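Please open the model in your viewer and keep the selection panel at hand. The stops below say what to select next and what is to be found there.

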Amino acid sequence: MKQPLIVIEAAATGYNSEVVLRDVGLTVYPDDFIGIIGPNGGGKTTLVKLILGLQPLFSGKVLFPSGKPRMGYLPQASQVDRSFPITVKELISSGMKSRNTLIPYLNAGQKQRLEEMIREAGLQRYANKPIGELSGGQLQKALLCRALIDDPQLLILDEPNTHVDKQFEQELYRWLKRLNQQMAILLVSHDIGTISPLIKSIACVNETLHYHPSNQISEEVLKVYHCPVDVIAHGPVPHRVLKSHDHE
Amino acid sequence: MSDAFSIFQYQFFQHALAAAILTSVIAAMVGTYIVSRKIVFIGGGITHASFGGIGLAFYMGLNPFLGAAVFGVITALAIEWISQNGRVREDSAIAILWSLGMALGIIFVFMTPGYTPNLMSFLFGSILTVGRAEIYVLLVFAMLLMLLFALFYRPILFTAFDPEFARTKGIPVSRYRYMMSVVMALAIVLSIRTVGIILVLSMFTIPQITAMLFTRNFYRIMPLAAMWGIIGSVAGIMGAYLLDIPTSAAIIFFLTLQFLVIKIIMIIRNALIRNKG
């Protein structure tokens, strides 16, 4: 049996004293690819922030059975201030865990890794440009590089496919498929349909969490858990079509 | 014209120039942080709250800058605390501290027996009366700031840009934010001597937005803002002398004029390039 990366047991969290998520249970294994779905305001981002250690734990447990894993985080695009005067290179390098912040500059190995990452993402032309000059897709690429540069064991992506074009979306899926061979992935999306061929299991978050150990999810299950997502449909490319349904 | 330059031989004028240059350097570094984080309003809160400290120091017969520094630092730390933990809206809290500081200042000055001749110099600055000791204080602070940015450039930048992400990477975000709050407060209070409470914030914003017309790189904005700050404030001091107008107001006027002229040149240049294309 594989050792899980993260075990969450009966966890509750929220903001100030208001509980947003309660009784959450989730186990993340090293090769998982979990799609986190649920209605707006249901607590999807709060859940990933809890895992990242950015949210206080009101009750329950968040355990790391084999030590705290290295985590790469891609926040929602709206959380990034595109007018901030930071270069693409600086942005990506901020993903390197600073073991000693007293050393202000990158060492030779880190510099090499940074160059590799920039090359791999095809961002060489923009390396020394401010992030404000990037397109939506390019910025997401740079943010993904920032999340990946520290070789994470768990990659957490919060709505990576908003404000990006179709071309980048396809490229993102190819990346994620390859990355999932090396790391666990948690992907928050309101639009799970387009990305679901990659996903191995689904967590529906709406004040609490319901885990579905496959990516096949029936309308019946969705109705029970009040998740406004799609049902499976056939088409020329593997995809699912979103279908909203009422929830209480 | 030789008359205009004869002023350089006077010590008070040399001191004024040194103060203007050092204030520009200090404001360039801290102002880049303020403008990048879009927290100019916090700067305003710190500046005006420090007036309470000036008033209290007058009342108690202490050094007014000491009072300003204490009030400024406490206000800056309080705002950062509210921003991190508060259940009060940050902008409302800043407004309260802003006006409370001014109110306390007015009350203490009113209660101070006799006339308080220096009061106007705190409100509007008095760069022409800066002494040697004050220049040394500015010099030491400017050097400490350079050292701070040299050592902690990356964490300062990362905690300013995306504090949540920085926290996931193990950077002690809260510690850096509080440190920068203290730095902001001290930089602002030390700069009050040059242009006064009413106008000091422009030293922390106008050179930066002028520099940002040329670059959007934090690292490059700092020296460029220092350069525009120095040019604008030296022009302001000279202009004030030649036109016989208040120095602090002339500095701000020249800094703004400089920004507008460069901005207009850039607009015209871009229009010409577009037309050619």
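Begin with chain A of this predicted model, where six strands form an open sheet of mixed pairing, in the order 5-6-7-3-8-9. Select residues 71-74 and then 208-212, which are strand 5 and strand 9 of chain A: they stand at the edges of the sheet, and because each has a single partner strand, one side of each is left without a neighbour in the sheet. If you look along the sheet from strand to strand, neighbouring strands are turned by 15° against each other on average, when direction is ignored.

Stay in this sheet and select residues 154-158 together with residues 184-188 of chain A, which are strand 6 and strand 7, paired in the parallel sense over five bridges. Within this pair, A:Leu154 can be picked out, standing opposite A:Ala184 of strand 7.

Next, add residues 44-52 of chain A, which make up helix 1; this helix lies across strands 3, 5, 6, 7, 8 and 9 of chain A, and runs at about 150° to strand 6.

The second sheet of chain A comes next. Three strands form this open sheet in the order 2-1-4, with antiparallel pairing. Select residues 18-28 and 57-63 to see its edge strands, strand 2 and strand 4 of chain A, each of which pairs on one side only. From one strand to the next, the twist averages 20°. Now add residues 6-15, strand 1 of chain A, which runs antiparallel to strand 2 and is joined to it by seven bridges. A place to zoom in is A:Thr13, whose bridge partner in strand 2 of chain A is A:Leu21.

Now hide chain A and show chain B, which has twelve helices and zero strands. How compact is chain B for its 277 residues? Its radius of gyration is 20 Å, close to the 19 Å that the globule rule gives for 277 residues, so chain B is as compact as a globular protein of that length. Along its principal axes, the C-alpha trace of chain B spans about 60 × 55 × 30 Å.

For the last stop, select residues 40-60 and 90-111 of chain B, helix 3 and helix 5, whose axes come within 7 Å and cross at roughly 20°. Helix 3 of chain B is therefore roughly parallel to helix 5 of chain B. The crossing of these two helices of chain B is left-handed, and the residues of their contact divide into 19 nonpolar, eight polar and one charged.

Terms used. Residues are numbered from 1 along each chain as its sequence is written. Chains are lettered from A and ligands numbered from 1 in the order in which they are written. This is a predicted model: local features need pLDDT of at least 70, side-chain atom pairs count only at pLDDT 80 or more; totals for chains, interfaces and linings use all residues. Two strands pair if DSSP finds at least two bridges between them. Helices (H or I, at least four residues) and strands (E, at least two) are DSSP runs, numbered from the N terminus. Axes are lines fitted to C-alpha atoms, for helices over the stretch in contact, and angles run from 0 to 180 degrees between N-to-C directions. Two residues are in contact if their C-beta atoms, placed from the backbone, lie within 7 Å. Angles under 35 degrees count as roughly parallel, over 145 as roughly antiparallel, 65 to 115 as roughly perpendicular and the rest as oblique. A crossing is left-handed if the near helix is turned anticlockwise from the far one by less than a right angle, and right-handed if clockwise. Ala, Val, Leu, Ile, Met, Phe, Trp, Tyr, Cys and Pro count as nonpolar, Asp, Glu, Lys and Arg as charged, and the others, Gly among them, as polar. The radius of gyration is taken over C-alpha atoms; the globule rule is 2.2 Å times the number of residues to the power 0.38.
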